[in-house]
Amino acid sequence: MPTPKYNLSGKTVVITGATSGIGLAAATEFAQQEAFVIGVGRSEIRNQQAEHFILTKKPKGGVVYLQADLAQQEEVFELGRKINSTLSRNQLKHVDILINNAGVYQEKKHLTVDKIEMTFAVNHLAAFILTHELIPRLNSAESGRVITVSSKSHRNTPLNLERIANPWPYFGLLAYKGSKLCNILFTNELNRRCPLIEAYAVDPGLVKTAIASKGEPGISDWVWRMHSKKGTSPEVPVQTLFFLAGEKQIDKSKSHLFRDCQPLLPSRKATDMELGHKLWAHSCQLTGISWV
Ligand SMILES: NC(=O)c1ccc[n+]([C@@H]2O[C@H](COP(=O)([O-])OP(=O)(O)OC[C@H]3O[C@@H](n4cnc5c(N)ncnc54)[C@H](OP(=O)(O)O)[C@@H]3O)[C@@H](O)[C@H]2O)c1
């Protein structure tokens with residue numbers, strides 16, 4: 001599929017998890033299409049490498065990397081402040097597109113400094129906090145958009161909100177699937193609550209990245225390396241991110257979940273309004289955010 005062409009000149013795009021895989025490919029493509037890119041990564045060195053990589057492809061491109069460990073809530077709030085300062089320094093008023101892409105797969109259970117299971121903290125709560133912190137900047141954009149990278153794996157999974165922050169027993173795959181279901185529930189609830197923006201979720205398909213090989217060595221590293229060989233390159237899902245960022249009139253009558261630039265029906269549970277409402281309230285409680 002050829003990359004759809006949109007003029008993103010003058011648009012500001014924030015991309016989390018922009019140091020590898022889908023996020024790095026997206027940051028590179030958006031910079032090449034003249035957007036001002038604010039990439040977010042947890043490692044200063046990988047941030048510098050990513051920024052350098054993009055500037056070799058697009059010399060003098062508008063790209064800035066900010067460091068934040070999205071597993072730590074205080075750092076996500078601080079990231080919101082850093083993004084606001086970056087906008088002011090560059091005489092920019094709005095965030096046109098926020099791409100909540102950062103994600104982890106944890107074979108073993110880890111609790112964050114906030115005592116929250118890591119997968120849920122990074123894959124859902126960080127997106128919830130960052131979106132909240134940037135809502136005024138998104139609301140004031142001409143057509144503010146929040147795109148959250150979910151997965152086909154949101155299907156066929158239980159979601160126990162009472163236990164999601166500290167699940168017991170812990171199964172890495174169930175934690176991951178639950179977090180990807182939260183991405184779609186969050187997207188649908190965001191559309192209901194924030195009428196000035198458009199929110200979308202993306203199923204990127206199977207993509208050849210190292211996502212499940214980054215924790216401690218284990219069986220999931222091996223399984224993922226075998227399985228992901230059949231995946232596409234990260235540039236393939238970037239086309240959908242690009243479409244959702246640049247297309248003026250998106251037909252969202254069928255779904256807010258997209259794959260290959262086409263709407264895709266999510267699971268029934270992902271469109272359960274009551275569950276979405278409860279997840280929102282629980283996310284507020286866990287982050288201390290008051291967001292009605
Ligand atoms: N690959 C697939 O087949 C697939 C399928 C469905 C959905 N997805 C989703 O696609 C998204 C991107 O994943 P990917 O496959 O491109 O994997 P990836 O290459 O591992 O990218 C994940 C990104 O998130 C960053 N990240 C992880 N933990 C972080 C933290 N605590 N703070 C800040 N950044 C953090 C990583 O940083 P480092 O570079 O420092 O590790 C990396 O930049 C994820 O949301 C994933 O769930 C992927």
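**Exercise 1.** In this predicted model, classify Trp222 as buried, partly exposed or exposed, and state which nonpolar surface patch Trp222 helps to make.

*Solution.* The relative accessible area of Trp222 is 48%. Buried requires under 20% and exposed requires over 50%, so Trp222 is partly exposed. Trp222 belongs to helix α6, residues 219-228. Together with Ile219, Val223 and Met226, Trp222 makes a nonpolar surface patch of about 400 Å².

**Exercise 2.** Determine how helices α5 and α8 are oriented to each other.

*Solution.* Helix α5 covers residues 172-193 and helix α8 residues 273-287; their axes are 9 Å apart and meet at an angle of about 90 degrees. Angles of 65 to 115 degrees count as roughly perpendicular, and α5 and α8 are therefore roughly perpendicular. Residues in the contact include Phe186 and Leu190 of α5, and Leu279 and Trp280 of α8.

**Exercise 3.** Explain which parts of the chain the salt bridge between Glu34 and Lys58 ties together.

*Solution.* The closest N and O atoms of Glu34 and Lys58 are 2.7 Å apart, and the cut-off for a salt bridge is 4 Å. Glu34 sits in the loop between α1 and β2, and Lys58 in the loop between α2 and β3, so the pair ties together parts 24 residues apart in sequence.

**Exercise 4.** For the salt bridge between Arg259 and Asp203, decide whether each partner is buried or partly exposed.

*Solution.* The closest N and O atoms of this pair are 3.8 Å apart. Arg259 lies in strand β7 and Asp203 in the loop between β6 and α6, 56 residues apart. Arg259, at 31% relative accessibility, counts as partly exposed, whereas Asp203, at 4%, counts as buried.

Notes. Residues are numbered from 1 along each chain as its sequence is written. This is a predicted model: local features need pLDDT of at least 70, side-chain atom pairs count only at pLDDT 80 or more; totals for chains, interfaces and linings use all residues. Side-chain values use heavy atoms; hydrogens and water are left out. Patches are made of residues with over 30% relative accessible area and no salt bridge: like charges are joined within 9 Å, nonpolar side chains (Val, Leu, Ile, Met, Phe, Trp, Tyr) within 5 Å. Accessible areas come from the Shrake-Rupley method with a 1.4 Å probe; for residues, only the protein chains shown count as cover. A salt bridge is a side-chain nitrogen of Lys or Arg within 4 Å of a carboxyl oxygen of Asp or Glu. Helices (H or I, at least four residues) and strands (E, at least two) are DSSP runs, numbered from the N terminus. Buried means under 20% relative accessible area, exposed over 50%, partly exposed in between (1.4 Å probe, protein chains only). Axes are lines fitted to C-alpha atoms, for helices over the stretch in contact, and angles run from 0 to 180 degrees between N-to-C directions. Angles under 35 degrees count as roughly parallel, over 145 as roughly antiparallel, 65 to 115 as roughly perpendicular and the rest as oblique. Contact means heavy atoms within 4.5 Å.
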